[in-house]
Amino acid sequence: MEDKSMKGLNTFTDQTEAPKIDASRKMRIGIIGCGWIAGSHMDSYLKQPDVEIVAGADLIPGKAKAFMEKYGVTGAKTDYASHKEMIEDKSLELDAVSICTYNRQHAVPAIDALNAGINVLLEKPFTVTLEEAVEVVRAEKKSGKVLSIGFQPRMDANMKKIKEIVESGALGDVYYIQTGGGRRRGIPTPFGTTFIEDKTAGIGALGDIGCYSLDMVLNAIGYPKPLTVSGYVSNFFGKDPHYSGYRKDKAAEYADKFGVDDFGAGFVRLEGGIILDFRIAWAMNLDTPGDTIIMGTKGSLRIPSTECWNGTVGGPMKLYSEVAGSQVETVIPVINMKQGLFDLKIRTFLDACKNGTPAPVPSSQILYNQAIIDGISKSAALGREIEIVIPEI
Ligand SMILES: NC(=O)c1ccc[n+]([C@@H]2O[C@H](COP(=O)([O-])OP(=O)(O)OC[C@H]3O[C@@H](n4cnc5c(N)ncnc54)[C@H](O)[C@@H]3O)[C@@H](O)[C@H]2O)c1
């Protein structure tokens, strides 16, 4: 007979219970940018008992209306020519907005919303440039509102485990980190060219998936300040009209429009004498550019990469250390999640807005993430190492 007393032990499923939600007052939410990722925001908002979707805005006429219809949201106002008109509509009494616009339209809507006293969940990457990110943080500080950046891998119990391992002291002093990831043929063009044109995206693989790799390790070690960077970017695949990852009928057009990086790498010096060696690829002739490794004076952690890099942990992590003179390896089992990462991203943001608690993914940290991405682009353009200078906020 099965021993039920042992059920639940050693199964490594995240045991975090969803907190009770006070639905006596509905949070009034607006969606800015009603494209691909806005659908994931909507899916998660619709599961929350304390949310009312009251408005949507998109630059493309009719897109916000069709979006609301697709999700069966009735009564939401959508008749806006841009995010600005929606934010200025006082009748909406917006508590918060999700900003789901392409990268080049992250900073302005975020600043406008914060200036109007509205809480903001801003999709990743934070912005395109460091200067834009600084302006958004200034607006956030002035407003006193919540600004959270859309890094859902942060909600993963496995990611939290990496931080717990570092903070447990098992690695000793961290001195070298290798991180990044890649896809063999993964330039994102499922819904057109907003990810690959300079005028909409501004940055490519660096901002799309590189920001996740950086966050995985920087969050774990407490986001030390980046000091200098030597960066490299290339676009050999994106600019190739014969790139096999494009739709055949669109390949020439996409290659012509491609105006961002499809590969980026950087050698970064962080405060505290830590070296960060980073590389990220939307496309490459390789399975993976390597696992993430965090090397410390007492132990090192290997975090397996995923095949199609999406910023998560690709399998059991391994901790390498020494016990009584013997070299040992400890396997850290993968934790299965009960709740979806996107649902958690939305829920933790709503809770921060309601309770006045810190943003789940604070801009103070992601500013450093953006500074590295920005530094790689600038250093690559100059062809030499540069100092990372983050203006006073
Ligand atoms: N967190 C994730 O897992 C994830 C996944 C995919 C995309 N993203 C991020 O989400 C963002 C959007 O990506 P997408 O794939 O949904 O793009 P998309 O091109 O499908 O949609 C963006 C929409 O924003 C609209 N828009 C742009 N500027 C606007 C403005 N000022 N006011 C109103 N509407 C505006 C565009 O017309 C477009 O319809 C990107 O920055 C991307 O990096 C995040």
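Two residues are taken to be in contact if their C-beta atoms, placed from the backbone, lie within 7 Å. With that criterion in hand, the tour of this predicted model begins at helix α6.

Select residues 157-168, which form α6. This helix has 12 residues and reaches 16 Å from its first C-alpha to its last, close to the 16 Å expected at 1.5 Å a residue. Within α6, highlight A157, N158, M159, K161, I162, I165 and V166, the buried residues of the helix. Next, display what covers them: the covering elements include α7 (205-220) and the strands β6 (174-182), β10 (292-296), β11 (299-303), β12 (317-323) and β13 (326-332). Then step just past the end of α6 to G169, where phi is positive, at about 90°.

Move now to the open sheet, whose five strands follow the order β2-β1-β3-β4-β5 with parallel pairing. Its edges are β2 and β5 (147-150), each of which pairs on one side only. On average, neighbouring strands in this sheet are turned by 20° against each other, direction ignored.

Inside the sheet, select β4 (residues 119-123), which runs parallel to β3 and is joined to β3 by four bridges. Label V97 and V120 here: V120, in β4, is the bridge partner of V97.

Helix α1 packs on this sheet and touches β1, β2, β3 and β4; the direction of α1 makes about 165° with that of β1. Select residues 36-46 to show α1, in which A38, S40, H41, M42, S44 and Y45 are buried. The cover over these buried residues includes β1 (27-32), β2 (51-57) and β3 (96-99), together with the helices α2 (63-70) and α9 (341-355).

Terms used
Residues are numbered from 1 along each chain as its sequence is written. This is a predicted model: local features need pLDDT of at least 70, side-chain atom pairs count only at pLDDT 80 or more; totals for chains, interfaces and linings use all residues. A residue is buried if 20 or more other C-beta atoms lie within 10 Å of its own, exposed if 12 or fewer, and partly exposed in between; C-beta atoms are placed from the backbone. Helices (H or I, at least four residues) and strands (E, at least two) are DSSP runs, numbered from the N terminus. The expected span of a helix is 1.5 Å times one less than its number of residues. Two strands pair if DSSP finds at least two bridges between them. Axes are lines fitted to C-alpha atoms, for helices over the stretch in contact, and angles run from 0 to 180 degrees between N-to-C directions.
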